[in-house]
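Colleague: I have the file open now, and I'd like to talk through the charged side chains with you.
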Amino acid sequence: MGQDSNPVGVLLIVKNYTGDRLNFGLAAERARAEGISVAMVVVAEDCALSSPDKTAGRRGLCGTVLVHKIAGALAAESKALKEIAEIASSAVKSMGTIGVSLSACSLPGRGPSFHLDAHEMELGLGIHGEAGVKRMEVLSADETVRAMLDHMTDPKSDSRLHVGAGDNVALMVNNLGGTSYLELNIIARAAVDYLGELDLWLANYCLHSCCDESKGVTIGRAYTGTFMSSLDMAGVSLTVMHLDQRRTSCLDADTSAPAWPRAALSCISDRPSELSVEDTKGCTSTGDGRSTSRSGDGTSSSWSRVIESVCKALLEKECELNALDTSAGDGDCGSTHARGCRAILKWTATGGIPDCGDGLLLGLAAVLEEHMGGTSGALYSLFLTAAAPPVCEYTTPSRWVCAIQAGIEAIKRYGGADVGDRTLLDPLCAAYDELKSLNSEDDWLTYLGNAAKAAEVAAERTRHMVARAGRASYVGRTRLVDPDPGAVAVATLLRALHDTLLLAPRTP
Ligand SMILES: *[C@@H]1O[C@H](CO)[C@@H](O)[C@H](O)[C@H]1NC(C)=O
C-alpha cells in the first residue's frame with residue numbers, strides 16, 4: 001500500500017500483549033519505511049492485576065472494541081490521524097475491563113487451558129486462556145457483578161478505574177464465548193443496578209431496584225453481546241468507559257459493521273414504564289371526548305373495599321383450589337390465584353385504584369398480567385381488558401353486564417373454549433345468563449345474587465364434564481372426578497362480590 005492510496009495514514013490499535021506490541025511495532029516500522037504515516041494506540045484497560053510488582057502489564061481486552069468504534073467514527077468524519085490517535089488514547093485511559101468465568105477456554109484438539117471445579121469461578125482472566133487473578137466460589141449474578149465492579153474500582157489497586165457518583169459511562173457486557181444471551185442480560189441488569197441509575201427510566205426503575213446500594217453512576221449507553229470472545233469460555237467481561245460528548249457521538253455514529261449492536265439503552269427508553277398500572281390512574285380523556293374521571297365521589301375507595309374482600313375470599317380457598325387442581329393440572333391453581341390476589345391487594349394498598357370503570361379493569365388486568373402468571377393470569381387479564389371499554393363512560397349495572405359479556409367473548413375468541421368444556425367459562429356464562437335479563441337497574445343486587453348462585457351450580461357441574469379445553473383436556477377423563485378449580489375460583493369470586501355488595505349496597 002503506497003501513500004497515494006491512503007494519504008491520511010494508518011492507525012494500529014494494539015492490545016497490550018508483548019507479542020502483539022512486537023509484531024505490530026514491526027509492521028509500523030516497515031510501513032513507515034515505505035512512507036506511510038502510521039500511528040499506534042496500545043489498549044491496556046485490564047483491571048485484573050492489582051499489584052504493581054507483576055511483570056506482565058495491563059492487557060488489552062474488550063475495551064478495544066470501543067476504541068475501534070470511536071476511531072472508526074472519527075475516521076469516517078475525516079479527522080486527522082494524529083487527532084484520532086489522541087482521542088483513542090484518551091479513551092483507553094478512561095476505561096476498565098474485568099472478566100469472570102466458570103470455565104477456561106479449550107483450544108480445538110486440546111483440553112481446557114486450566115481447570116475449574118463446578119463450584120468455582122475465576123476473576124480477571126485474559127482472552128487467550130490465561131488464568132485469572134483470583135479464584136472464588138461461584139456466586140449469584142448480583143454478587144458476581146458486585147465482586148467484578150468492586151475489583152475494577154478498588155482504590156487499593158493500581159489498575160483500577162475511578163468511577164464515582166455523577167459519572168456518565170458506557171457499559172459493555174461481553175460474552176467470552178460460552179454464555180447465553182439470557183445469562184448475559186441477567187449480568188447486564190445486575191451491572192446496571194449496581195452501577196447506578198438509568199437516567200432514562202430512572203424514576204420508575206429505582207422504585208423497584210435497590211438504588212441505595214448503587215454507585216450512583218449514570219449509564220449513558222449499554223451494550224450486550226459477543227464482542228471479544230475466548231473460544232468457548234463460559235464467562236463474561238464488563239467494560240466501563242467514561243463518556244464525554246464526543247465519545248458518545250462516536251459510539252452512536254452509523255456503522256455498517258454487522259456486529260455492532262444498537263445500544264441497549266436506546267431500546268430501554270422506548271419501553272413503556274414498568275408501572276404501566278400507574279398510567280391508568282386518573283383516567284384522563286381517552287381522546288374521543290369521553291373524559292371519565294370522576295374523582296372525589298369515593299368510588300375508588302368503595303371499589304377497593306369490594307376488591308379486597310373478593311381477594312380475601314380467594315386467598316382462603318388457596319389450599320382447596322390447589323387440591324382440586326392436583327388431579328387435573330399441576331396443583332397450583334390456588335397458588336396462582338393467591339399470587340394474583342396478593343398483587344392486587346398490594347396495588348389497592350398503594351391507593352392506585354382509578355375512579356373510573358375502565359381504568360379500574362385495565363389496572364387490574366395489568367397487575368394480573370404482571371404478577372399472576374400462567375394461563376389463569378392471561379385469561380383474567382384478557383377478560384378484564386376486553387371488559388373495560390363498556391364501562392368507560394358509565395358504570396351503571398347494565399354497563400357492567402355489557403362488560404362481562406365483552407370479557408366472555410374475548411375468552412371464547414382467544415381461548416378456543418365454550419360452555420360445557422369444563423373451564424371457567426361455565427360459571428361465567430351461567431352468571432351472565434342471569435345478568436343479561438336485568439331489566440330494572442334498581443334490582444341489580446338480586447340479579448347478582450342469582451348470578452352467583454348460578455355460577456356455583458355451574459362450577460359444581462363441571463365435575464361431570466369432559467375437559468375439551470384448558471389443561472385438564474390433557475388428562476385422561478377417568479382421573480377427573482372433582483369440579484374444575486378454575487370454575488370454582490370464578491364462582492367463589494362472584495359469591496364474594498355479591499356478599500360484599502349486599503352488606504354495603506351501592507351502585508357498583
Ligand atoms: C503494557 O504491558 C507492559 C508489560 O508487558 C507494561 O509494562 C505496560 O505498562 C503496559 N502498558 C500500559 C499502557 O499499561
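Modeller: What follows is a chat about salt bridges, and please keep in mind that this is a predicted model.

Colleague: How many salt bridges does the count come to?

Modeller: The count comes to 18 salt bridges.

Colleague: What does Glu83 form a salt bridge with?

Modeller: Glu83 pairs with Arg246, and the closest N and O atoms of the two are 3.8 Å apart. The pair links distant parts of the chain, with Glu83 in helix H3 (residues 81-93) and Arg246 in helix H7 (residues 245-252), 163 residues apart.

Colleague: And how does Glu83 count for accessibility?

Modeller: Glu83 counts as partly exposed, since its relative accessibility is 29%, and Arg246 also counts as partly exposed, at 39%.

Colleague: Switching to the strands, which side chains meet in a salt bridge at 2.7 Å, N to O?

Modeller: Those are the side chains of Glu122 and Arg135. Glu122 belongs to strand S4 (residues 120-123) and Arg135 to strand S5 (residues 134-137), so this salt bridge ties together parts that are 13 residues apart in sequence.

Colleague: Is Glu122 buried or exposed?

Modeller: Glu122 is buried, because its relative accessibility of 3% falls under the 20% cut-off, whereas Arg135 is partly exposed with a relative accessible area of 40%.

Colleague: Which residues are linked with Glu122 in a network of salt bridges?

Modeller: Glu120 and Arg135 are linked with Glu122 in that network.

Colleague: Last one: what does Asp154 form a salt bridge with?

Modeller: Asp154 pairs with Lys156, their closest N and O atoms being 3.9 Å apart, and Lys156 is exposed, with a relative accessible area of 71%.

Methods:
Residues are numbered from 1 along each chain as its sequence is written. This is a predicted model: local features need pLDDT of at least 70, side-chain atom pairs count only at pLDDT 80 or more; totals for chains, interfaces and linings use all residues. Side-chain values use heavy atoms; hydrogens and water are left out. A salt bridge is a side-chain nitrogen of Lys or Arg within 4 Å of a carboxyl oxygen of Asp or Glu. Helices (H or I, at least four residues) and strands (E, at least two) are DSSP runs, numbered from the N terminus. Buried means under 20% relative accessible area, exposed over 50%, partly exposed in between (1.4 Å probe, protein chains only).
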